[in-house]
Amino acid sequence: MKYNIIEIPEMIENLQDFACNDNEQVFYCGGIVGTDIFRYVARAALLAQDATKEIMFIDGCQDNVVLNRNKPIRYLYYRDLFFDLITLSSTDTFAPNFDPVQQYVSKVLDKEKFFGVDVIVINNAQLIEYEYLDEILKQVTCKVFVVSDPFDVGGFPFSVYPTITDSLSKQNWMTAYSRRLYGVESRGIEKRFKCGITKIKLAKRSYGRMDMTQHITNNPVILKEVNDKQRNSPLKKNQKFIITDKRSSMSYKGNQPGESNFHTGTIMTLDNNVGDIPLFRMHNCQLVQRFNITYEQTSKLYAGTNVNPANMISVEDAVFHRFRDTTFVYDQNISLDIRYRYSLIKNTVFLRIIEI
């Protein structure tokens, strides 16, 4: 596969030219993990910014947003820019099959959130569903920098755009290893940063156990067995769930509905099951919200938020998240694409591999 690789000085020059050109609105660029592409783009965005307005940062990875939530910038997860437009399946109350809670959901861009913004930086664009990214680019009129990692899962459509692979800084061992998968060497290793990959043995009955790591597998049979076990057990503290609902999850402050940051793909941990409505904590942060959940995958309005068990998740779901500790149950008889291997390594600090 060919990539449009350019040198760092050329990338910086291209970014600055775009920032100063009033006739261009969107600029696509990319970088493999370990490069400073996001910093170069942020500097270029400052050149294009009106001093009286703001720069908005949008990220395709929710974990990046929650990990940077205390920074004094407008940094949002892309799904937070959309709201639900709910339409009842029928308005004829006298119809024999009338169901007042059956509804269809579509996502509408909340244009009010772009008030006072004249430059947008979209990071991890490869993780954003096409219809969401396309809607943002069609609706906004300001300058937009679209930053992607063309080597990541979902990065193929961005491989034609200018991309850098070189870095002027040292890399931690996990970053350097993920870069090497694509034949990209690093200038140096930061040995003070603790991380690594180890092979371990674990009994099958312990797959998906509630410990300090996120269990991941590329074997769909094992995943189903672990998920069925969790699905058939009562709710317990520290159980993990992943939201599958296309609707934004209804949150509660006390007993009153409030705004929710829990969306499709969000991983959450059961923090407290005392009371009428369970309390969940979002992955990678201390943000907690109360709402009801269901495994039924229903489209009914008051049935609760659709979820799947997540004590163990698939490699496909893991792409959208970052983990400090990961336990990977690796079935060597099932091929694992280089993009998934790259994503798995770059998005964790300590990776434990169980080979089966």
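Start by selecting K143 in this predicted model: the residue is buried yet makes no salt bridge, and the nearest side chain of opposite charge, D22, sits 5.5 Å away. So where does the side chain of K143 reach? Show the backbone of E24 and you'll find its oxygen 2.6 Å from that side chain. Now bring up the surroundings. Leaving aside residues up to four places away in sequence, K143 touches F18, A19, N21, E24, Q25, A48, D118, V119 and I120.

K143 belongs to strand β7, which covers residues 143-148, and that gives you an easy next click. Stay in β7 and pick V146. With a relative accessibility of 0%, V146 counts as buried. Beyond four places in sequence, the residues V146 touches are V26, F27, Y28, C29, I122, A125, L137 and F158. Keep F158 highlighted for a moment: this residue is 12 places from V146 along the chain, and their C-alpha atoms are 9.8 Å apart.

Next, go to N124, in the loop between β6 (117-123) and α4 (130-139). Check the backbone here, as phi is positive at about 55° although N124 is not a glycine. Most residues other than glycine have a negative phi. Is N124 buried or exposed? Its relative accessibility is 13%, so N124 counts as buried.

Follow that loop into α4 and select D134 and K138, which lie four residues apart in the helix, about one turn. Their side chains meet in a salt bridge, 3.7 Å from N to O. D134 is partly exposed at 24% relative accessible area, whereas K138, at 56%, counts as exposed.

While you're on charges, a few other pairs deserve a click. How many salt bridges does a search of the whole structure find? There are 17. Among them is D36 with R39, at 3.2 Å from N to O; R39 is partly exposed, with 43% relative accessibility. Another joins D211 and R209 at 3.0 Å. Both partners count as partly exposed, D211 at 24% and R209 at 43%. Finally, select D149, D152 and K346 together to see a network of salt bridges.

Time for a sheet. Colour β9, β21, β20, β10 and β19 in that order, and you have an open sheet of five strands with parallel pairing. Which strands are at the edges? They are β9 (196-199) and β19 (312-314), each pairing on one side only. Turn the view to see the twist: neighbouring strands of this sheet are rotated by 25° against each other on average, direction ignored. For a look at one pairing, zoom in on β20 (residues 323-330) and β21 (residues 348-355), parallel strands joined by seven bridges. T326 is a handy marker there, standing opposite L351 in β21.

Now add the helices. Helix α8 (residues 338-346) lies across β9, β10 (214-217), β20 and β21, and runs at about 125° to β21. Helix α5 (residues 173-180) lies across β9 and β21, at about 80° to β9. Select M174, T175, A176, S178 and R179 in α5, which are buried. What do the buried residues of α5 pack against? Show β9, α8 and β21 to see their packing partners. Before leaving, look at the start of α5, where a side-chain oxygen of N172 comes within 3.0 Å of the backbone nitrogen of M174.

For the last leg, jump to N238, in the loop between α6 (220-231) and β11 (240-243). Here is another non-glycine residue with a positive phi, near 80°. N238 has a relative accessible area of 37%, so this one is partly exposed.

Move along into β11 and show the side chains. K240 and I242 point one way while F241 and I243 point the other, and all are buried. Two pairings of β11 finish the tour. With β14 (residues 267-272), β11 pairs in the antiparallel sense over three bridges, and F241 has M268 as its bridge partner there. With β18 (residues 305-309), β11 is also antiparallel and joined by three bridges. Keep F241 selected and you'll find P309 of β18 standing opposite.

Conventions:
Residues numbered from 1 in each chain as written. Predicted model: local features only at pLDDT ≥ 70, side-chain atom pairs only at ≥ 80, totals over all residues. Heavy atoms only, no water. Buried < 20%, exposed > 50% of the residue type's maximum accessible area, 1.4 Å probe, protein only. Lys, Arg positive; Asp, Glu negative; His and termini not counted. Salt bridge = Lys/Arg side-chain N within 4 Å of Asp/Glu carboxyl O. Polar contact = N/O pair within 3.5 Å; in protein donor to acceptor, adjacent residues only side chain to side chain. Contact = heavy atoms within 4.5 Å. Pairing = 2+ DSSP bridges. Axes fitted to C-alpha atoms, helices over the stretch in contact; angles between N-to-C directions.
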